[in-house]
Amino acid sequence: MSEIIVNGGKKLYGGITVQGAKNSVLPVLAATVLCQKECVIHNCPALSDVNTSIKILRALGCGCEAEGNTVTVDSRGINAYEIPDNLMREMRSSIVFLGAIIGRCGRAVISSPGGCELGPRPIDLHLSALERMGVTINEEHGYLICTAEKGLQGAEISLGFPSVGATENIILAAATAKGMTTIHGAAKEPEISDLADFLNSAGARIYGCGSDCIRVYGVERLGGTEHTIIPDRIAAATYMACAAVTGGKITMCNIMPSHMVSTFWVFREAGCEVELSGKSLTLSAPEHLKRVPTVRSLVHPGFPTDAGPIIVAMLTVAEGTSVFVENIFENRFSYVDELKRFGAKIKTEGKIAVTEGVKELSATDCKATDLRGGAALVIAALTAYGESRIGDIHHIERGYDDIVSVLGALGADIKYSKD
Ligand code: EPZ
């Protein structure tokens, strides 16, 4: 399935259930390395990144089986501490296995992680924190050889930037370290709280997630647990934009409104009605979207950087000019050139994208550049009249659980290419 083919111009109507969160299930699967009894994880989305995590767990000697949206992991048989290079390169999240492997095995060998090309994806914050916890890190031929001779020690850590991955890695390393670890300037994303909930249900003692100061009291060992992954707030925003850009009306079940407050206002500003009822949301789109003067991506609880490409794509057909400011990553506009192939009028300068809304987009052939950039192309294709073909969809499959079936259920004329 190398392409997604869309015949655009159809309004989306109907109801869907939002998938489990990619950016939660990945660190939770890494966390199972620390658990000395079986873990059962529900609401796991069917993603290529989840498959990669399962391969990493198996490479470490853990038992790991996936059945539908449930993944069962038994790490009692762990017998390795090196992540194969080909698996490290497949996704960014492979880096959060580092803290868990060192916590369980006292050592780890990894190469540089892969993931979306959003500018340099440094791991300096991860490594400096682990060194403060007693890890010695040597680089040899592109590999990081990490050892904690005296085991991991709790430490006082201040993050220069509230990095999501670094916060997760520190929590994983601290969960069974000796003593207490305090993370000042921690990231507050909901996925971090979900990771802590998973670990605490297995016997960890982690407090303060959701704030910028997290305390972890190391425990001797972690048992097993059963956990349900939180809904994916970025996938939810994606499907909202799909409905908004087609002038449709959809209801989404299984969302966490409190995770999405910073996103709702953009849709309302664009003229959409967003009604909440418990864990469900109904979005009714206007005939014509209105411009949103300025949207800035910020760390949580600000507007999420991952929803940036989604909103820029949606506003390509809004009336007026909208500005998007990307404050988190250095190079997150690689999808813009592909959007321009649809006739979108977007100018980028550094971290700013200025979109002048057009009446309609025209179908075209294009290629996904990264995960959320790929989703932006799907959004554009849904509103572009004619047949669009989107290539390099492996980027999209990293983070969206069968986006074609989900959109097809809402009335989109969308399919995978024959091959
Ligand atoms: C996580 O990436 C998410 N990925 C990203 O989602 C998300 O965009 C990002 O957090 C921000 O919310 C997963 O959770 C798997 P960061 P992560 O560390 O952890 C700099 C998606 O589309 N930085 O918070 O890599 C970094 O360069 C993906 O689902 C350092 O300088 O993000 C960036 O500018 C894309 N040194 C900023 O911090 C470090 O050691 C944010 O990075 C680490 C990060």
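Helices and strands are DSSP runs, numbered from the N terminus, a helix having at least four residues and a strand at least two. The exercises below use these labels for a predicted model.

**Exercise 1. The largest cavity**

Task: Determine which residues line the largest cavity, which helices supply at least two residues of the lining, and how the lining divides by class.

Solution.
Step 1. The structure has 3 cavities of 30 Å³ or more, and the largest has a volume of about 50 Å³.
Step 2. Its lining consists of Ala 21, Lys 22, Asn 23, Glu 191, Asp 232, Arg 233, Ile 234, Asp 306 and Arg 372.
Step 3. At least two lining residues come from helix H1 (22-31), and at least two from H8.
Step 4. Sorted by class, the lining contains 6 charged, 2 nonpolar and 1 polar residues.

**Exercise 2. Helix H9 and its surroundings**

Task: Identify which residues of helix H9 are buried and which elements they pack against.

Solution.
Step 1. Helix H9 covers residues 261-269.
Step 2. Its buried residues are Ser 262, Thr 263, Phe 264, Val 266 and Phe 267.
Step 3. These buried residues pack against two helices, H8 (233-246) and H10 (308-314), and against the strands S15 (273-277), S16 (280-284) and S17 (294-296).
Step 4. Just after H9, Gly 271 adopts a positive phi of about 100 degrees.

**Exercise 3. A salt bridge between distant parts of the chain**

Task: Locate Glu 287 and Lys 11, which form a salt bridge, and decide whether each is buried, partly exposed or exposed.

Solution.
Step 1. The side chains of Glu 287 and Lys 11 meet at 3.4 Å, N to O.
Step 2. The pair joins distant parts of the chain, 276 residues apart: Glu 287 belongs to the loop between S16 and S17, and Lys 11 to the loop between strand S1 (3-8) and strand S2 (13-17).
Step 3. Glu 287 has a relative accessible area of 60% and is therefore exposed, the cut-off being over 50%.
Step 4. Lys 11 has a relative accessible area of 33%, so Lys 11 is partly exposed.

**Exercise 4. Further salt bridges**

Task: State how many salt bridges the whole structure contains, and describe the bridges made by Arg 58 and Arg 89.

Solution.
Step 1. The whole structure contains 10 salt bridges.
Step 2. Arg 58 pairs with Glu 65, with 3.6 Å between the closest N and O atoms. Arg 58 is partly exposed at 43% relative accessibility, whereas Glu 65 is exposed at 53%.
Step 3. Arg 89 pairs with Asp 85, with 2.7 Å between the closest N and O atoms. Here Arg 89 is exposed at 56% relative accessibility, whereas Asp 85 is partly exposed at 22%.
Step 4. Salt bridges also link Glu 3, Glu 387 and Arg 389 in a network.

**Exercise 5. An aromatic pair**

Task: Classify the geometry of the pair formed by the rings of Tyr 239 and Tyr 400, and state where the two residues lie.

Solution.
Step 1. The structure holds 4 aromatic pairs. In one of them, the ring centres of Tyr 239 and Tyr 400 are 6.4 Å apart and the ring planes stand at 80 degrees.
Step 2. Planes over 60 degrees apart count as edge-to-face, so the pair of Tyr 239 and Tyr 400 is edge-to-face.
Step 3. The pair links distant parts of the chain, 161 residues apart: Tyr 239 lies in helix H8, and Tyr 400 in the loop between helix H13 (394-397) and helix H14 (403-408).
Step 4. Both Tyr 239 and Tyr 400 are buried.

Key
Residues numbered from 1 in each chain as written. Predicted model: local features only at pLDDT ≥ 70, side-chain atom pairs only at ≥ 80, totals over all residues. Heavy atoms only, no water. Buried < 20%, exposed > 50% of the residue type's maximum accessible area, 1.4 Å probe, protein only. Contact = heavy atoms within 4.5 Å. 1 Å grid on protein atoms, 1.4 Å probe; cavity = no way out; pocket = protein on both sides within 12 Å on 5 of 7 lines; lining within 4 Å. Points joined across faces, edges and corners; volume = space filled by probe spheres on them. Nonpolar A, V, L, I, M, F, W, Y, C, P; charged D, E, K, R; others polar. Salt bridge = Lys/Arg side-chain N within 4 Å of Asp/Glu carboxyl O. Phe/Tyr/Trp six-rings, centres within 6.5 Å; stacked < 30°, edge-to-face > 60°.
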